[in-house]
Amino acid sequence: RGKWRRVVRVLKELEEACETSVGRLKQVVDAMAVEMHAGLASEGGSKLKMLLTYVDNLPDGNELGTHYALDLGGTNFRVLSIQLQGNRSSILEHDVERRPIPQHLMTSTGNDLFDFIASSLKEFIDKGNDSEVLLGGKRDLGFTFSFPTKQNSISSGVLIKWTKGFSIGDMVGKDVAESLEQAMTKKGLNMRVTALINDTVGTLALGHYHDADTVAAVIIGTGTNACYLERTDAIIKRQGLLTTSGFMVVNMEWGNFWSSHLPRTSYDIDLDCDSPNPNDQGFEKMISGMYLGDIVRRVILRMSQESDIFGLGGSSRLSMSFVLTTPLMAEMHEDRSLDLRDVARILKDILGIPEVSLKARKLVVRICDVVTRRAARLVAAGILGILKKMGRDGTGGITGTRSRSDVNMKRTVVAVEGGLYTNYTMFREYLHEAMIEILGEEIAKNVILKVTEDGSGIGAALVAASHSSNY
Ligand code: ADP
């Protein structure tokens, strides 16, 4: 009896610490809008970097011709080409090629990495028989480079720092597009980087290509980030910034968002301390696929220390960081069998805990639920923070108050990508539910989350197309 009391107390404490009432979510919405404002007001004014992208117009469906893109953002990189016929509904993607980045290149030199990329691109183009490239017309290239860069124009940007296992010292501070162009020239490729973007911008571009009401994009996969269309006059830190459209896409780097209103637990604090980047990416560590499974593991570990409901003596696997991945956690959470056999199997095979009682399995499902529900609701609040900053949350902007006419809010589409959102049904449902709770049913009808697919690849080619001079 006593052991269950202790375990139930751990669960109760978790639930309380993860509490996301509508009231609290609204505070997060406000905090996000306020931090966005601060990040736009001055360099370093907020944990949100609010990076300028120099993307000032988004593809609208009228683009024409063949366009190429490179996508480098993780362990794979891809080359692709698309064909456009000026008709929004048709993107003829004629080829995609995915290649792993050889491990040694991730920590080698910039020259080695870009030579490898340029060779792959050349092989790809040689195979495609693109007559224009062969005839010497300069080709546009979209380059998705999903590492933080400081841009000075749409086609250039300096690497701020590597992430995701890359560490090439001689590249930090260098212009990424220029390095690629030099490598392409060496290979005899007559191409120019017309658009250097990150993956969220690609997602926004692809979303906008298909639906002109798309004004923001969010990626919720292994990591998380968002970007949106901002008025240039609101970008105070760059006074006098002028674009023809009056708008610019801003890359928020929202994984680093932080606010005292975020519901934080002791497990989050421990996870952060144990991570290679403590005090960094605080929002991401509560919501993205990289971390959710590990938060659950930490709660189970705690319970196993408080009681013997997960066996005596403890399991050594349970102490290993990241053994419980988020897809496995989702499988336990969504186990619909009466005896929770998927939960039992994963506890046994992955965490080394055999023969767990049904009651304890139910507890595990409950933990998954608490952790995922918190994550999904915080993403909902984050998205609505963006819409609030844009004056599209039905309240009339950051300082405004609700008036009757505002309820006739514009249709607003947010492009969404990432495995956590697309593959994890419970996550998605909790996110939608929270949006309705915060906005109210009437206003929520105007906010549409639309899944795009492969914005980081196709989107880059589209931005290259819409910023190219030859169509
Ligand atoms: P990435 O973000 O790595 O570029 P994705 O957008 O495809 O790629 O996201 C993959 C991430 O999504 C995985 O790391 C995992 O955390 C999460 N994920 C994938 N499938 C599932 C699933 N079925 N349930 C829960 N999370 C999932």
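Here are a few worked exercises on this predicted model.

**Exercise 1: overall build**

Work out how the radius of gyration of the protein chain fits with a compact globule.

*Solution.* Start with the parts list: the protein chain has 16 helices and 13 strands. Next, take the chain length, which is 471 residues. A compact globule with that many residues would have a radius of gyration near 23 Å, and the protein chain comes out at 24 Å, so the two agree. For the outline, look at the C-alpha trace, which spans about 80 × 60 × 40 Å along its principal axes. Then check the inside: 48% of the 471 residues count as buried. Finally, turn to contacts with a separation of 6 or more: residues 24 or more positions apart account for 72% of them.

**Exercise 2: two domains**

Find the domains of the protein chain and describe the contact from the side of domain 1.

*Solution.* Begin with the bounds: domain 1 covers 1–51 + 211–454, and domain 2 covers 54–197. Their C-alpha centres lie 31 Å apart. The contact draws 9 residues from domain 1 and 8 residues from domain 2. On the domain 1 side, strand β11 (residues 247–251) gives the largest share, with 3 residues. Sort that side by class and you get 5 nonpolar, 3 polar and 1 charged.

**Exercise 3: around the ligand**

Determine which elements give two or more residues to the shell around the ligand, and what classes the shell contains.

*Solution.* First, pick out the surrounding residues; among them are Gly74, Gly221, Thr222, Thr326, Pro327, Ala330, Gly419, Leu420 and Asn423. Now match the shell to elements: α10 (326–333) and α13 (419–423) each give two or more residues. Last, count by class: the shell has 4 nonpolar and 8 polar residues, and no charged ones.

**Exercise 4: strand β9 and its neighbours**

Decide whether strand β9 is enclosed or open, then trace its pairing with β12 and with β10.

*Solution.* Take burial first, where a residue needs 20 or more other C-beta atoms within 10 Å of its own. In β9 (residues 214–220), 7 of the 7 residues are buried, so the strand is largely enclosed by the rest of the structure. Now go to one partner: β9 and β12 (residues 412–417) run parallel and are joined by 5 bridges. Here threonine 214 sits opposite valine 413 of β12. Then try β10 (residues 224–231), which is antiparallel to β9 and linked to it by 5 bridges. In this pairing, alanine 216 has tyrosine 228 as its bridge partner. To finish, look at the link: β9 and β10 make a hairpin, with 3 residues between them.

Methods:
Residues are numbered from 1 along each chain as its sequence is written. This is a predicted model: local features need pLDDT of at least 70, side-chain atom pairs count only at pLDDT 80 or more; totals for chains, interfaces and linings use all residues. Helices (H or I, at least four residues) and strands (E, at least two) are DSSP runs, numbered from the N terminus. The radius of gyration is taken over C-alpha atoms; the globule rule is 2.2 Å times the number of residues to the power 0.38. A residue is buried if 20 or more other C-beta atoms lie within 10 Å of its own, exposed if 12 or fewer, and partly exposed in between; C-beta atoms are placed from the backbone. Two residues are in contact if their C-beta atoms, placed from the backbone, lie within 7 Å. A residue is near a molecule or strand if its C-beta atom, placed from the backbone, lies within 6 Å of it. Ala, Val, Leu, Ile, Met, Phe, Trp, Tyr, Cys and Pro count as nonpolar, Asp, Glu, Lys and Arg as charged, and the others, Gly among them, as polar. Domain bounds come from an automatic or database domain assignment. Two strands pair if DSSP finds at least two bridges between them.
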